[in-house]
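Work through the exercises below with the sequence and the structure at hand. Try each task before reading its solution.

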Amino acid sequence: MALKTKTEKAHNFEYDAIVLGAGPAGEAAAMKLAKSGMKVAVIDPRDQVGGNCAHVGTIPSKALRQSVFNIISMRRDPLFSQVTDNFQVPLNKVLSKARRVILNQVSTHKLFYERNRIEIIHGWGSFIDAHTLHVESTEGAPSKVLTFDKAVIAVGSRPYRPDILDFDHPRVFDSDKILQMDYVARKIIIYGAGVIGCEYASIFTGLGYVVDLINNKDQLLSYLDNEISDALSHDFRQFGVRIRNNEEIDHLETHDDCVILHLKSGKKIKSDAILWCNGRSGNTDSLNLDAIRLKANNRGQLEVDKMYRTSVPNIYAVGDVIGWPSLASAAYDQGRNAAGFITGDKDAEFITSVPTGIYTIPEISSIGMTEEDLTREQVPYEVGQAFFKHLARSQIIGERSGVLKILFHRETLEILGIHCYGNHASEIVHIGQAVMKCGHTLEYFINTTFNYPTMAEAYRVAALNGMNRIF
Ligand SMILES: Cc1cc2nc3c(=O)[nH]c(=O)nc-3n(C[C@H](O)[C@H](O)[C@H](O)COP(=O)(O)OP(=O)(O)OC[C@H]3O[C@@H](n4cnc5c(N)ncnc54)[C@H](O)[C@@H]3O)c2cc1C
């Protein structure tokens, strides 16, 4: 096929903008561009929109977590515990609810594209030059060549697969493949104790598996507030997770009925299966970046400036493919803001602060500075704490584990950080985030009437606790 190289002027391009990838970053960019009157096409090899987020990442893992959470709640209830005590259902069956959620998400998001008259082309996009894209159809249709003025790369990421592991082996999984696990195991090794590893440790423990969690560092999720990280380790151990800190893989033995993990420390761990959760790579290898003289780093990620521009001025990149923070929440904002920069929106901004939301059981969420940050920067701060076990709502729900910490400046009472561990932490943190964003001080929580009983009341309790420490 003769591939045409684009040399025409901008107004002759077929599309004002093309977006590569229909995940959250691509969707948000496409919506904003289309709403600004641009002619937009979105390219994605999947036959459904939603990206890895909807199909293998956020949505299935969160739906799975909810199913496991329900199983744990039933097991705690004497009425149902007999039914759930010998719960032996393979993971892919537990996922049946997630599949319904995925379908609903896909149809909702498809509607957004249709309403905004955004064309979706199913295929792999690769650059011919900085204004021309080749699309290899995944639907058996002939390949296409599209010309465009601006491009937004939002191709996301995939689990990193080291050469030393055979991911075709039925007992070796990554976070994409685990969703197809079709047998029941009793034990699993989770290699990598980042967010995804810790979330899956909760899921498998909830299903009754014996979990060995291998951590390369000396503490779980070491960027979190120390007390929260300690609380997670404590609860994991209570639930039977064996955390192995400061360990590194040497090699893995695979057998028909088991795997044996050999660690550099000399330890050997035998288990029914291994879930590898150690790192992700940007999906840049299919893009033919050489054609536009763009280079990804060794993790397949692209560098951008504070307007989400790559070193090719008309080509932007957003979402997991640019690395931090690799969250769907941020990917939406990055996509919308990149499109804002393209369309000249004066409110467009580069995202530098996002809440942390970790869906372990219980959840973790935080925003702002940690005690460790404040100590390092010698900020005079104080802490207000509310333990969930003291809250009426928490007692009613039967969830006694959890804490809300408010860090505030001891002189100005400015709120500097919110850290929450416990059921619904990912929702609870947003109350604090809103109050922080509006510039209110700790006094807001004391002078505001909260519904009773609520989990939100934790803010009032923590604020009063903090105020009592001021002298
Ligand atoms: C197990 C797991 C749990 C997670 N949980 C959470 C969570 O709870 N909260 C949260 O905020 N985030 C979570 N994340 C992260 C979140 O899923 C990602 O940050 C998010 O999906 C990134 O969105 P994106 O739009 O950048 O890319 P993606 O969602 O990865 O979508 C990229 C799309 O681009 C397509 N593509 C690839 N190559 C090409 C090409 N050459 N041409 C065209 N299209 C291409 C892909 O097929 C894909 O559809 C989780 C991730 C995982 C793996």
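**Exercise 1. Domains in contact**

Task: Find how many residues of domain 2 are in contact with domain 3, and describe their kinds.

Solution. This is a predicted model. Start with the division of the protein chain: domain 1 covers 15-55 + 94-158 + 281-343, domain 2 covers 161-278, and domain 3 covers 362-467. Next, count the contacts: seven residues of domain 2 touch ten residues of domain 3. Then sort the residues on the domain 2 side, which gives four nonpolar, one polar and two charged. Last, take the centres over C-alpha atoms; those of domain 2 and domain 3 are 31 Å apart.

**Exercise 2. An open sheet**

Task: Give the order of the strands in the five-stranded open sheet, and state which strands stand at its edges.

Solution. Step one is the order, 7-14-8-9-10, with parallel pairing. Step two is the edges: strand 7 (172-174) and strand 10 (242-244) each have a single partner strand, so one side of each lacks a neighbour in the sheet. Step three is the twist, which averages 20° from one strand to the next. Step four looks at one pair: strand 7 and strand 14 (residues 274-276) are joined in the parallel sense by three bridges. Within this pair, F173 has L275 of strand 14 as its bridge partner. Step five adds a helix: helix 7 (residues 195-206) packs on the sheet and touches strand 8 (187-191), strand 9 (210-214) and strand 14. The directions of helix 7 and strand 9 make an angle of about 170°.

**Exercise 3. A buried strand**

Task: Determine how many residues of strand 21 are buried, and name strands that pair with strand 21.

Solution. First, check burial, for which a residue needs 20 or more other C-beta atoms within 10 Å of its own. Eight of the eight residues of strand 21 (residues 415-422) are buried, so the strand is largely enclosed by the rest of the structure. Second, look at strand 18, which pairs with strand 21 in the antiparallel sense over five bridges; here I367 is opposite I418. Third, look at strand 20 (residues 402-409), which runs antiparallel to strand 21 and is joined to it by seven bridges; V403 is opposite Y421. Finally, inspect the hairpin of strand 20 and strand 21: five residues lie between the strands, and L413 takes a positive phi near 65°.

**Exercise 4. Backbone exceptions**

Task: Locate the cis peptide bonds before P325 and P362, then decide whether R117 and S326 are buried or exposed.

Solution. Begin with the general rule: most residues other than glycine have a negative phi, and most peptide bonds are trans. W324 and P325 are joined by a cis bond with omega about -5°, and P325 lies in the loop between strand 16 (315-317) and helix 9. I361 and P362 are also joined by a cis bond, with omega about 0°; P362 is in the loop between strand 17 (356-358) and strand 18 (364-368).

Now turn to phi. S326, in the loop between strand 16 and helix 9, has a positive phi of about 55°. S326 has 20 other C-beta atoms within 10 Å and is buried. R117 has a positive phi near 50° and sits in the loop between helix 6 (96-115) and strand 3. With 9 other C-beta atoms within 10 Å, R117 is exposed.

Terms used. Residues numbered from 1 in each chain as written. Predicted model: local features only at pLDDT ≥ 70, side-chain atom pairs only at ≥ 80, totals over all residues. Pairing = 2+ DSSP bridges. Helix = DSSP H or I, 4+ residues; strand = E, 2+ residues; numbered from the N terminus. Axes fitted to C-alpha atoms, helices over the stretch in contact; angles between N-to-C directions. Contact = placed C-beta atoms within 7 Å. Domains from an automatic or database assignment. Nonpolar A, V, L, I, M, F, W, Y, C, P; charged D, E, K, R; others polar. Buried ≥ 20, exposed ≤ 12 C-beta atoms within 10 Å, placed from the backbone.
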